[in-house]
Amino acid sequence: MSRTFGYIIATIIAVGSIHPTATLQAKLRDPSTALTPRQEPDSKQTQKTPQDKLVINTKLVNLTVSVNDKLGRFVAGLSKEDFEIFDDNIKQDIAFFSDDDAPISLGIVYDVSGSMGNFSSRAQSMLRSFFDNSHPEDEFYIYAFNNRVQLVQDFTSLPEAIMSHVTYIKSGGSTALFDATYAAVEKVRQGRRHKKVILIFSDGEENSSRYSGRELQNLLRETDVQIYAIGMSEFSSGAGTLKFIAEPTGGQALFPFDYASAEVVYTRLALMLRRQYVIGFYPSNLTSGTAWHKLQVQIKAPKQLGRLKLSYKNGYWMTK
(Lines give C-alpha, C1' and ligand atoms only; values in the text may rest on other atoms or scores of the structure.)
Protein backbone atom coordinates (compact mmCIF):
# COMPACT_ATOMS: atom_id res chain seq x y z
CA MET A 1 0.00 0.00 0.00
CA SER A 2 1.38 3.42 -0.91
CA ARG A 3 2.01 5.98 1.83
CA THR A 4 -0.54 8.38 0.38
CA PHE A 5 -3.26 5.73 0.14
CA GLY A 6 -2.55 4.81 3.76
CA TYR A 7 -3.13 8.40 4.86
CA ILE A 8 -6.43 8.62 3.00
CA ILE A 9 -7.69 5.39 4.56
CA ALA A 10 -6.63 6.60 8.02
CA THR A 11 -8.39 9.90 7.53
CA ILE A 12 -11.83 8.37 7.00
CA ILE A 13 -11.85 5.96 9.94
CA ALA A 14 -14.65 5.91 12.53
CA VAL A 15 -17.51 8.37 12.05
CA GLY A 16 -16.12 10.38 9.15
CA SER A 17 -13.08 10.29 11.37
CA ILE A 18 -13.13 12.78 14.21
CA HIS A 19 -14.35 16.40 14.79
CA PRO A 20 -16.02 18.46 12.16
CA THR A 21 -12.36 20.38 14.55
CA ALA A 22 -9.30 21.31 45.16
CA THR A 23 -11.49 23.39 46.14
CA LEU A 24 -12.02 26.92 44.97
CA GLN A 25 -10.03 29.44 46.88
CA ALA A 26 -11.59 32.01 49.24
CA LYS A 27 -12.33 34.24 46.28
CA LEU A 28 -15.45 32.24 45.37
CA ARG A 29 -18.79 33.05 46.93
CA ASP A 30 -19.78 29.43 47.42
CA PRO A 31 -16.78 27.09 47.73
CA SER A 32 -17.51 23.48 46.79
CA THR A 33 -15.97 21.05 48.31
CA ALA A 34 1.81 17.91 32.86
CA LEU A 35 0.77 15.99 30.29
CA THR A 36 3.25 13.16 30.11
CA PRO A 37 2.91 10.01 28.00
CA ARG A 38 2.37 6.62 29.60
CA GLN A 39 5.68 5.53 28.14
CA GLU A 40 8.54 7.91 27.64
CA PRO A 41 12.23 7.68 27.03
CA ASP A 42 14.79 8.08 29.74
CA SER A 43 14.27 11.56 31.21
CA LYS A 44 17.98 12.36 31.07
CA GLN A 45 19.53 13.21 27.76
CA THR A 46 23.26 13.63 27.50
CA GLN A 47 25.05 15.69 24.89
CA LYS A 48 28.66 16.72 24.35
CA THR A 49 29.73 20.12 23.22
CA PRO A 50 32.77 20.57 20.99
CA GLN A 51 34.69 21.22 24.23
CA ASP A 52 33.53 17.85 25.61
CA LYS A 53 31.52 19.49 28.40
CA LEU A 54 28.72 17.33 29.72
CA VAL A 55 25.24 18.85 29.39
CA ILE A 56 22.30 17.20 31.13
CA ASN A 57 18.77 18.15 30.11
CA THR A 58 16.09 16.62 32.31
CA LYS A 59 12.97 18.44 31.07
CA LEU A 60 10.96 16.56 28.47
CA VAL A 61 8.32 18.89 27.06
CA ASN A 62 5.22 17.09 25.79
CA LEU A 63 2.70 18.69 23.46
CA THR A 64 -0.71 17.33 22.46
CA VAL A 65 -1.61 18.10 18.85
CA SER A 66 -4.91 17.71 17.00
CA VAL A 67 -4.95 17.71 13.18
CA ASN A 68 -8.18 18.40 11.29
CA ASP A 69 -8.96 18.55 7.59
CA LYS A 70 -11.03 21.29 5.91
CA LEU A 71 -14.24 19.46 6.82
CA GLY A 72 -13.26 19.38 10.47
CA ARG A 73 -12.47 15.66 10.55
CA PHE A 74 -9.56 14.44 12.64
CA VAL A 75 -6.67 13.21 10.51
CA ALA A 76 -5.26 9.95 11.86
CA GLY A 77 -2.31 7.90 10.67
CA LEU A 78 0.39 10.59 10.63
CA SER A 79 3.90 9.71 11.75
CA LYS A 80 6.72 11.40 13.62
CA GLU A 81 8.34 12.38 10.31
CA ASP A 82 5.27 14.43 9.35
CA PHE A 83 5.77 16.95 12.18
CA GLU A 84 8.27 19.71 12.91
CA ILE A 85 8.32 21.56 16.22
CA PHE A 86 9.95 24.92 16.97
CA ASP A 87 10.76 26.30 20.42
CA ASP A 88 11.21 30.10 20.26
CA ASN A 89 11.76 29.67 16.49
CA ILE A 90 14.48 27.01 17.01
CA LYS A 91 13.74 23.63 15.46
CA GLN A 92 13.77 20.76 17.97
CA ASP A 93 14.53 17.06 17.67
CA ILE A 94 11.43 14.98 18.42
CA ALA A 95 12.30 12.54 21.22
CA PHE A 96 8.85 11.06 21.79
CA PHE A 97 5.86 10.45 19.52
CA SER A 98 2.60 8.64 20.20
CA ASP A 99 -0.95 8.41 18.88
CA ASP A 100 -2.07 5.66 21.26
CA ASP A 101 -5.72 5.29 22.21
CA ALA A 102 -5.49 6.75 25.71
CA PRO A 103 -8.04 7.39 28.50
CA ILE A 104 -8.50 10.87 29.93
CA SER A 105 -9.48 12.69 33.10
CA LEU A 106 -12.42 14.87 32.05
CA GLY A 107 -13.92 17.76 33.98
CA ILE A 108 -17.34 19.00 32.83
CA VAL A 109 -18.33 22.63 33.42
CA TYR A 110 -22.12 22.83 33.08
CA ASP A 111 -23.81 26.21 32.84
CA VAL A 112 -27.20 26.36 34.59
CA SER A 113 -27.57 30.15 34.62
CA GLY A 114 -30.75 31.86 33.50
CA SER A 115 -29.32 32.83 30.11
CA MET A 116 -29.01 29.19 29.05
CA GLY A 117 -32.75 28.69 28.54
CA ASN A 118 -33.53 25.63 26.41
CA PHE A 119 -29.87 25.05 25.59
CA SER A 120 -29.60 22.97 28.75
CA SER A 121 -31.69 20.15 27.24
CA ARG A 122 -29.56 20.24 24.08
CA ALA A 123 -26.43 19.98 26.22
CA GLN A 124 -27.75 16.79 27.81
CA SER A 125 -28.18 15.19 24.37
CA MET A 126 -24.70 16.30 23.32
CA LEU A 127 -23.18 14.91 26.50
CA ARG A 128 -24.81 11.52 25.91
CA SER A 129 -23.32 11.36 22.40
CA PHE A 130 -19.91 12.14 23.87
CA PHE A 131 -20.13 9.42 26.53
CA ASP A 132 -21.25 6.83 23.98
CA ASN A 133 -17.90 7.19 22.19
CA SER A 134 -15.53 7.87 25.07
CA HIS A 135 -12.77 5.54 26.25
CA PRO A 136 -14.02 2.86 28.69
CA GLU A 137 -11.29 3.85 31.18
CA ASP A 138 -12.06 7.59 31.17
CA GLU A 139 -12.91 9.26 34.49
CA PHE A 140 -15.28 12.22 34.87
CA TYR A 141 -16.49 14.86 37.30
CA ILE A 142 -18.90 17.76 36.89
CA TYR A 143 -19.31 21.29 38.19
CA ALA A 144 -22.68 23.01 37.76
CA PHE A 145 -22.70 26.79 38.01
CA ASN A 146 -24.68 29.97 37.75
CA ASN A 147 -23.52 32.76 40.07
CA ARG A 148 -22.42 29.97 42.43
CA VAL A 149 -20.14 27.00 41.64
CA GLN A 150 -20.90 23.52 42.92
CA LEU A 151 -19.18 20.16 42.49
CA VAL A 152 -22.20 17.92 41.90
CA GLN A 153 -20.29 14.71 41.06
CA ASP A 154 -16.71 13.87 42.02
CA PHE A 155 -14.49 11.59 39.92
CA THR A 156 -16.35 8.57 38.57
CA SER A 157 -15.92 6.13 35.69
CA LEU A 158 -19.71 5.85 35.23
CA PRO A 159 -21.27 8.25 32.70
CA GLU A 160 -24.70 7.51 34.19
CA ALA A 161 -23.59 9.11 37.44
CA ILE A 162 -22.99 12.34 35.51
CA MET A 163 -26.21 12.12 33.50
CA SER A 164 -28.30 11.56 36.62
CA HIS A 165 -27.20 14.96 37.90
CA VAL A 166 -27.64 17.03 34.74
CA THR A 167 -31.09 15.69 33.83
CA TYR A 168 -33.01 17.53 36.56
CA ILE A 169 -30.98 20.73 36.95
CA LYS A 170 -33.07 23.87 36.52
CA SER A 171 -31.60 27.04 35.00
CA GLY A 172 -31.51 30.35 36.85
CA GLY A 173 -29.27 33.09 38.20
CA SER A 174 -26.31 34.99 36.78
CA THR A 175 -23.11 33.50 35.30
CA ALA A 176 -19.71 32.90 36.92
CA LEU A 177 -18.02 31.17 33.98
CA PHE A 178 -14.44 32.12 34.89
CA ASP A 179 -14.89 30.90 38.48
CA ALA A 180 -16.35 27.57 37.37
CA THR A 181 -13.57 26.99 34.84
CA TYR A 182 -10.93 27.91 37.42
CA ALA A 183 -12.42 25.38 39.87
CA ALA A 184 -12.54 22.64 37.23
CA VAL A 185 -8.91 23.20 36.18
CA GLU A 186 -7.72 22.97 39.78
CA LYS A 187 -9.78 19.81 40.28
CA VAL A 188 -8.47 18.03 37.19
CA ARG A 189 -4.98 18.02 38.70
CA GLN A 190 -6.27 15.25 40.98
CA GLY A 191 -7.08 13.05 37.99
CA ARG A 192 -5.35 9.70 37.53
CA ARG A 193 -4.97 9.94 33.76
CA HIS A 194 -2.04 11.62 32.05
CA LYS A 195 -4.26 13.44 29.56
CA LYS A 196 -6.49 16.05 31.19
CA VAL A 197 -9.42 17.79 29.47
CA ILE A 198 -12.14 20.28 30.47
CA LEU A 199 -15.44 20.30 28.58
CA ILE A 200 -17.54 23.47 28.94
CA PHE A 201 -21.27 23.69 28.14
CA SER A 202 -22.16 27.38 28.17
CA ASP A 203 -23.45 30.27 26.12
CA GLY A 204 -20.27 32.13 27.12
CA GLU A 205 -21.93 34.86 29.17
CA GLU A 206 -19.75 36.09 32.05
CA ASN A 207 -21.08 38.56 34.61
CA SER A 208 -20.55 37.21 38.11
CA SER A 209 -17.02 35.83 38.62
CA ARG A 210 -14.52 36.81 41.28
CA TYR A 211 -11.65 35.59 39.09
CA SER A 212 -10.75 37.70 36.09
CA GLY A 213 -10.04 36.41 32.60
CA ARG A 214 -6.36 37.25 33.08
CA GLU A 215 -6.17 35.23 36.31
CA LEU A 216 -7.80 32.27 34.59
CA GLN A 217 -5.40 32.43 31.65
CA ASN A 218 -2.41 32.60 34.02
CA LEU A 219 -3.62 29.36 35.62
CA LEU A 220 -4.07 27.74 32.21
CA ARG A 221 -0.52 28.63 31.24
CA GLU A 222 0.73 26.68 34.24
CA THR A 223 -1.48 23.63 33.68
CA ASP A 224 -1.34 20.96 30.98
CA VAL A 225 -5.06 20.82 30.29
CA GLN A 226 -7.03 21.16 27.07
CA ILE A 227 -10.34 22.98 27.11
CA TYR A 228 -13.17 22.39 24.65
CA ALA A 229 -16.14 24.75 24.87
CA ILE A 230 -19.56 24.07 23.36
CA GLY A 231 -21.61 27.20 22.77
CA MET A 232 -25.04 28.09 21.48
CA SER A 233 -24.02 30.22 18.51
CA GLU A 234 -20.79 31.44 16.97
CA PHE A 235 -22.48 34.82 16.52
CA SER A 236 -23.63 35.19 20.13
CA SER A 237 -22.09 37.72 22.50
CA GLY A 238 -20.44 34.95 24.54
CA ALA A 239 -18.72 33.18 21.62
CA GLY A 240 -15.59 35.29 21.96
CA THR A 241 -15.32 34.43 25.65
CA LEU A 242 -15.44 30.70 24.93
CA LYS A 243 -12.71 31.07 22.30
CA PHE A 244 -10.67 33.19 24.73
CA ILE A 245 -10.75 30.31 27.24
CA ALA A 246 -10.36 27.30 24.95
CA GLU A 247 -8.04 28.12 22.07
CA PRO A 248 -4.83 29.03 23.98
CA THR A 249 -4.93 25.59 25.66
CA GLY A 250 -4.86 23.75 22.32
CA GLY A 251 -8.58 23.08 22.53
CA GLN A 252 -11.41 24.53 20.49
CA ALA A 253 -14.71 26.37 20.82
CA LEU A 254 -17.46 24.57 18.89
CA PHE A 255 -20.92 25.82 17.94
CA PRO A 256 -23.18 23.04 16.56
CA PHE A 257 -26.24 24.67 15.05
CA ASP A 258 -28.82 21.91 15.61
CA TYR A 259 -29.34 18.54 17.28
CA ALA A 260 -28.16 16.53 14.28
CA SER A 261 -24.89 18.40 13.88
CA ALA A 262 -24.35 18.37 17.67
CA GLU A 263 -24.46 14.56 17.76
CA VAL A 264 -21.85 14.35 15.00
CA VAL A 265 -19.65 16.97 16.67
CA TYR A 266 -19.63 15.13 19.98
CA THR A 267 -19.03 11.74 18.45
CA ARG A 268 -16.04 13.11 16.56
CA LEU A 269 -14.76 15.03 19.58
CA ALA A 270 -14.82 11.94 21.80
CA LEU A 271 -12.96 9.89 19.21
CA MET A 272 -10.44 12.67 18.55
CA LEU A 273 -9.54 12.93 22.23
CA ARG A 274 -8.76 9.21 22.22
CA ARG A 275 -6.26 9.42 19.34
CA GLN A 276 -4.51 12.78 19.49
CA TYR A 277 -0.81 13.07 18.73
CA VAL A 278 1.61 13.52 21.63
CA ILE A 279 4.99 14.98 20.65
CA GLY A 280 7.87 15.27 23.12
CA PHE A 281 11.21 17.05 22.88
CA TYR A 282 14.12 18.12 25.09
CA PRO A 283 14.51 21.92 24.71
CA SER A 284 17.83 22.84 23.15
CA ASN A 285 17.62 26.44 24.36
CA LEU A 286 18.21 26.30 28.11
CA THR A 287 19.66 29.81 28.45
CA SER A 288 16.71 31.84 27.17
CA GLY A 289 16.15 35.09 29.00
CA THR A 290 12.39 34.55 29.10
CA ALA A 291 10.61 31.93 31.20
CA TRP A 292 7.73 31.56 28.71
CA HIS A 293 8.70 29.65 25.56
CA LYS A 294 6.57 30.03 22.45
CA LEU A 295 5.88 26.85 20.47
CA GLN A 296 5.07 26.35 16.81
CA VAL A 297 4.20 23.07 15.11
CA GLN A 298 4.33 22.54 11.36
CA ILE A 299 3.12 19.58 9.36
CA LYS A 300 4.46 17.99 6.18
CA ALA A 301 1.52 15.77 5.25
CA PRO A 302 0.77 14.75 1.62
CA LYS A 303 -0.87 17.47 -0.47
CA GLN A 304 -3.78 15.13 -1.21
CA LEU A 305 -5.04 15.78 2.33
CA GLY A 306 -5.54 19.45 1.50
CA ARG A 307 -5.24 22.31 3.93
CA LEU A 308 -4.96 21.05 7.52
CA LYS A 309 -5.62 22.84 10.81
CA LEU A 310 -3.43 22.16 13.85
CA SER A 311 -4.54 22.78 17.44
CA TYR A 312 -2.03 22.77 20.30
CA LYS A 313 -0.96 24.79 23.33
CA ASN A 314 1.11 27.72 22.12
CA GLY A 315 3.85 27.67 24.75
CA TYR A 316 5.19 26.46 28.10
CA TRP A 317 7.01 27.75 31.18
CA MET A 318 10.70 26.89 31.47
CA THR A 319 11.44 26.24 35.13
CA LYS A 320 15.02 26.92 36.21
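1. A good place to start is a single pairing: I104 has K195 of β10 as its bridge partner. Keep in mind while browsing that this is a predicted model.

2. That pairing belongs to a longer run. Strand β7, residues 104–111, lines up with β10 in the parallel sense, and seven bridges hold the pair. On to another neighbour of β10: strand β11, residues 226–230, also runs parallel to β10, with five bridges joining them. If you want a spot to click on there, try F201, whose bridge partner in β11 is I230.

3. So is β10 buried or exposed? Seven of the seven residues in this strand (195–201) are buried, so the rest of the structure largely encloses β10. Have a look at its two faces: one side carries K195, V197, L199 and F201, the other K196, I198 and I200, and all of these are buried, so both faces are covered.

4. Now for a pair of helices. The axes of α4 (residues 177–188) and α6 (residues 239–246) come within 12 Å and cross at roughly 25 degrees. Angles under 35 degrees count as roughly parallel, and α4 and α6 are therefore roughly parallel to each other. The crossing of α4 past α6 is right-handed.

5. Which residues make the contact? From α4 come L177, F178 and T181, while α6 brings T241, L242, F244 and I245. Sorted by class, the contact of α4 with α6 has five nonpolar residues, two polar ones and no charged ones.

Conventions: Residues numbered from 1 in each chain as written. Predicted model: local features only at pLDDT ≥ 70, side-chain atom pairs only at ≥ 80, totals over all residues. Heavy atoms only, no water. Axes fitted to C-alpha atoms, helices over the stretch in contact; angles between N-to-C directions. Helix = DSSP H or I, 4+ residues; strand = E, 2+ residues; numbered from the N terminus. Parallel < 35°, antiparallel > 145°, perpendicular 65-115°, else oblique. Left-handed = near helix turned anticlockwise from the far one by under 90°. Contact = heavy atoms within 4.5 Å. Nonpolar A, V, L, I, M, F, W, Y, C, P; charged D, E, K, R; others polar. Buried < 20%, exposed > 50% of the residue type's maximum accessible area, 1.4 Å probe, protein only. Pairing = 2+ DSSP bridges.
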